[in-house]
Amino acid sequence: MPSTTICCWLDDAIGDVEHLVATAGAGAGRRVGVVVSRVERMNGGTSLRDALLRPGSTPFVALIDALAADLGLAGDPRVARIGRATLLLYVYVRIQDDLVDEEALVDRASVFAMEAALAAHLALLAEAGLPQTAWAARSRVMARFAAVAADEVDARAAGAGLSPERAGEKFLAMAVPLVALASAAGRDALHDDLATWVVHVGTALQMINDVLNAAEDHAAGRPTAVLAWARADLAAAAAAPNRVRAALVGHPAVDRALDVAADAAARAWALAERHELPRLAGIAAGVAAQVGRTRERLLGLMMGVQA
């Protein structure tokens, strides 16, 4: 989801990641590079910048620019540092996810690459000169993120998935730059509602992902709400992706998932409107538009075309 403003910090943020790969040490740097290379190819990306700005990508770049403008921080040098720190946080979370979910692609020593990314993230965030309240809010947000991530691992081991509402909490790392911007603007009272906004948007995005990735999740045995709701009709489906997609086109499970997604996007929009954050509300409206296109995209995947 591209930002409606011109991001002036993203190229510097990408430079920070490249610098980390070059300076973290041979072992850690190589492992960071492996994960960054995978991120570059996400959503059909051709480079790190392209992958981050493509439709369907985690929209933290757009979010930072939108909230900074809403809070009157456009042009404030702290915004660039917060943005640059966020890309390093994103790399940190991607390494963490790969360690849990992609054992064939990363090794245990990648924990040290993860630590290098976290250290670089914290150093840049510190350069923004944020008050203590921002650091406390960051800690609360990431503690919630860690809790839901660990609970998801246990749920999968038990053959279940997270509820849609809790699945939205997996996106909580996106709230870190938002609470930082709120503190920079002297609006600490927004911290909790910004985290709630991210959970609502995360719920909508997760439901979209669960619909569009259902065939891959079914083949890999990854439990999701959509697969649970369609279990009876998918029990006899072969692992062939299009048989799963065909079973889901028009299925009530997809309707249920997209109803949850639409409601979550609407809640995010209403919350942003209540706090008079119009650009943040615009991001929520964009997510709602993605919900509306999901059935068409699922049909496009089944037919071998991009919708």
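# Exercises on a predicted helical model

In helix 1, the buried residues (under 20% relative accessible area with a 1.4 Å probe, protein chains only; exposed is over 50%, partly exposed in between) are Leu10, Ala13, Ile14, Asp16, Val17 and Leu20. They lie on the same side of helix 1, because they cover an arc of only 150 degrees around the axis, taken from the directions from the helix axis to the C-beta atoms.

The model is predicted: local features need pLDDT of at least 70 and side-chain atom pairs pLDDT 80 or more, while totals for chains, interfaces and linings use all residues. Residues are numbered from 1 along each chain as its sequence is written, and side-chain values use heavy atoms, without hydrogens and water.

## Exercise 1: helix 1

Test the length of helix 1 against its expected span, then describe its surroundings.

Step 1. Helices are DSSP runs of H or I with at least four residues, numbered from the N terminus. Helix 1 has 14 residues, 10–23.

Step 2. The expected span is 1.5 Å times one less than the number of residues. For helix 1 that gives 20 Å, and its end C-alpha atoms are 20 Å apart, so the two agree.

Step 3. Look at the face turned away from the buried side. Asp11, Glu18, His19 and Ala22 are exposed there.

Step 4. Find the cover over the buried residues. It includes helix 2 (26–40), helix 3 (48–53), helix 4 (60–70), helix 5 (77–101) and helix 6 (110–127).

Step 5. Check what follows helix 1. Gly25 does, with a positive phi near 105 degrees.

## Exercise 2: the nonpolar core

Find the residues with the most contacts inside the largest nonpolar core, and trace the partners of Trp197.

Step 1. Build the core from buried Ala, Val, Leu, Ile, Met, Phe, Trp, Tyr and Cys residues joined through side-chain atoms within 4.5 Å. In soluble globular proteins, nonpolar side chains tend to be buried together.

Step 2. The largest core has 98 residues, and Phe60, Leu87, Leu181 and Trp197 have the most contacts inside it. Helix 10 (residues 191–212) gives the largest share of this core, 12 residues.

Step 3. List contacts (heavy atoms within 4.5 Å) of Trp197, leaving aside neighbours within four places in sequence. The partners are Leu63, Leu178, Ala268, Leu271, Ala272, Leu280, Ile283 and Ala284.

## Exercise 3: salt bridges

Which parts does the salt bridge between Arg279 and Asp70 tie together? Treat the pairs Asp193–Arg274 and Arg245–Glu216 likewise.

Step 1. Apply the rule: a side-chain nitrogen of Lys or Arg within 4 Å of a carboxyl oxygen of Asp or Glu. The count comes to 20 salt bridges.

Step 2. Arg279 and Asp70 meet at 3.1 Å, N to O. Arg279 lies in helix 16 (residues 278–303) and Asp70 in helix 4, so the pair ties together parts 209 residues apart in sequence. Arg279 is partly exposed at 40%; Asp70 is buried at 13%.

Step 3. In the Asp193–Arg274 pair, the closest N and O atoms are 3.6 Å apart. Asp193 is in helix 10 and Arg274 in helix 15 (residues 252–274), so the linked parts are 81 residues apart in sequence. Asp193 is partly exposed at 21%; Arg274 is exposed at 57%.

Step 4. For Arg245 and Glu216, the closest N and O atoms are 2.8 Å apart. Helix 14 (residues 241–248) holds Arg245 and helix 11 (residues 214–220) holds Glu216, so this pair joins parts 29 residues apart in sequence. Arg245 is buried at 11%; Glu216 is partly exposed at 35%.

How values were computed
Helix = DSSP H or I, 4+ residues; strand = E, 2+ residues; numbered from the N terminus. Contact = heavy atoms within 4.5 Å.
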